[in-house]
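User: I'd like to go through this model and ask how each label is earned. Can you take me through the reasoning?

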Amino acid sequence: MLNKTKVSDPLLYEIVGKELERQKHNIEMIASESTVPVEIMELSGCIFTNKTLEGYPGKRFQAGSHVADELEILANKRGMELYGCDHINIQPYSGSTANYAVYAAILKKDDKVMSMKLDQGGHLSHGSKANFMSRFFNFEHYAIDKDTEQIDYDGLEKQAKEFRPKLIIAGGSAYPRLIDFERIAKIAKEVDAYFMVDMAHISGLVAAEVVPSPVPYADFVTSSTTKTLGGPRAGFVMCKKEYADKLDKGVFPGSLGSMHLTTMAAKCWLFEYAKSEKFRSIMRQIPVNAKHLAKELENYGFRIVSGGTDTHIVLVDVRNKNITGKEFDDALDYVGITVNKNQIPFDPEGPNVTSGVRIGLTSVTQRGLREKEISEIASIMNEVAENVNNKEKLDELRERADKLIEDFPLYSDEDLKEIM
Ligand SMILES: Cc1ncc(COP(=O)(O)O)c(C=O)c1O
């Protein structure tokens, strides 16, 4: 794939090669990451990159669009089949822009929106103060229950009845449990609000029917394609039939410019691949591995937020080990296990230090790791936590981690020839 770059820009080729080596030897456990099939890389750089296009099939602003029309129509068809939705728009560049497209479609300046708190599992694009959307809309955040560390649905209902939002958002980036979409949809209906689910993290698990789908309950469902779905760096959004026109206008011209036809081609391939038994069996194993890791870490004395997981995410409170999330994240990175420091609900520490880490099981499951290897990872993690400042011990653990991942190649030799 990079034969020409190798000659024309050896320095850049070397940097890409270094990243490949890093990924090969690393145990990647960042919850938003995945290891994509080579076709995704091929299509993400395919000839469609030369084409500029705005609008929709049959209503384009540029000539020469008939082949791209074919692509977009096929991708839409495959996406709609995969999720059983009334309408899909696959033009969003990412999960965040998919969310902005829904806001553009249905909200006016200063409209009220309710979403999950960022430090309790929500996402920046759901109206965090740090995100510019908070300047245009009036966001209020619902919380999780302090005891169960799961969404406080009664509290959400009470708050919605008082606040009367125009939109309620469910879904987040560090919420390991199932969300009762039906219940929130009912609340939204009662207060005459739209209901949007951001399923960015779980869209692969939803596609494989491993977790319940929000599609029957939500007016709008947004997603990125990079997380459990394991696709290109992009997004998409679905909606009920009656909102199709509104949504399409919210995407273009409402919030985006010309479409990225290359990642659209990759999404087209992905939506078909996600129907395969190969994809579905990986998705089934992900929560099995995640539950196993949660149990093992709990046995080593870590506290698991919400007491477990139903998805690919394990959120770990590391305070029992007398370390911070940042210290644990740094030490794990040193031994070749990448996770991210993450605030836990009601965290006394700020986002740069944190009391927890978020661990994702997608990439390791794609590489073929099962319960036996997850037990070894948990054991290494525990020793890392107890030796964050002991370089000699960390070096030993680095060897153990490398030995473990060596048997589970990132890509086959044949694929590696394609990649570089
Ligand atoms: C719930 C949620 N929504 C949206 C996003 C943003 O997706 P992207 O990075 O594709 O813009 C993320 C990313 O972490 C996420 O967790």
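Analyst: Sure. Let's start with a cut-off: a polar contact is a pair of N or O atoms within 3.5 Å. Also keep in mind that this is a predicted model.

User: What makes Ser94 a polar contact of the ligand?

Analyst: An N or O atom in the Ser94 side chain is 3.1 Å from an oxygen atom of the ligand. The limit is 3.5 Å, so the pair counts as a polar contact.

User: How do you know that Gly95 and Ser96 belong on that list too?

Analyst: Gly95 uses its backbone, with an N or O atom 2.8 Å from a ligand oxygen. Ser96 uses its side chain, where an N or O atom is 2.8 Å from an oxygen atom of the ligand. Both pairs are within 3.5 Å, so both are polar contacts.

User: How much of the ligand does the protein bury?

Analyst: The protein buries 83% of the 390 Å² that the ligand exposes when taken alone. The ligand sits in the second largest pocket.

User: Why is His123 said to surround the ligand?

Analyst: The cut-off is a heavy atom within 4 Å, so His123 is listed in the shell because it meets that limit. Others in the shell include Gly172, Ser173, Asp198, His201 and Lys227.

User: What makes Ala200 the nonpolar one in that shell?

Analyst: The shell has one nonpolar, eight polar and two charged residues. Ala counts as nonpolar, so Ala200 fills that slot. Asp and Lys count as charged, so Asp198 and Lys227 are the two charged ones.

User: Why does the radius of gyration agree with a compact globule?

Analyst: For 420 residues the rule gives a value near 22 Å, and the protein chain has 22 Å, so the two agree. The chain's secondary structure comes to 16 helices and 15 strands.

User: What is notable about the backbone at Pro253 and Asp192?

Analyst: The peptide bond from Phe252 to Pro253 is cis, with omega near 10°, and Pro253 is in the loop between α9 and α10. Asp192 has a positive phi, near 65°, in the loop between α7 and β8.

Note on methods
Residues numbered from 1 in each chain as written. Predicted model: local features only at pLDDT ≥ 70, side-chain atom pairs only at ≥ 80, totals over all residues. Heavy atoms only, no water. Polar contact = N/O pair within 3.5 Å; in protein donor to acceptor, adjacent residues only side chain to side chain. Areas by Shrake-Rupley, 256 points an atom, 1.4 Å probe, with all protein chains shown as cover. 1 Å grid on protein atoms, 1.4 Å probe; cavity = no way out; pocket = protein on both sides within 12 Å on 5 of 7 lines; lining within 4 Å. Sits in = over half its atoms within 2 Å of the grid points. Helix = DSSP H or I, 4+ residues; strand = E, 2+ residues; numbered from the N terminus. Rg over C-alpha atoms; globule rule 2.2 N^0.38 Å.
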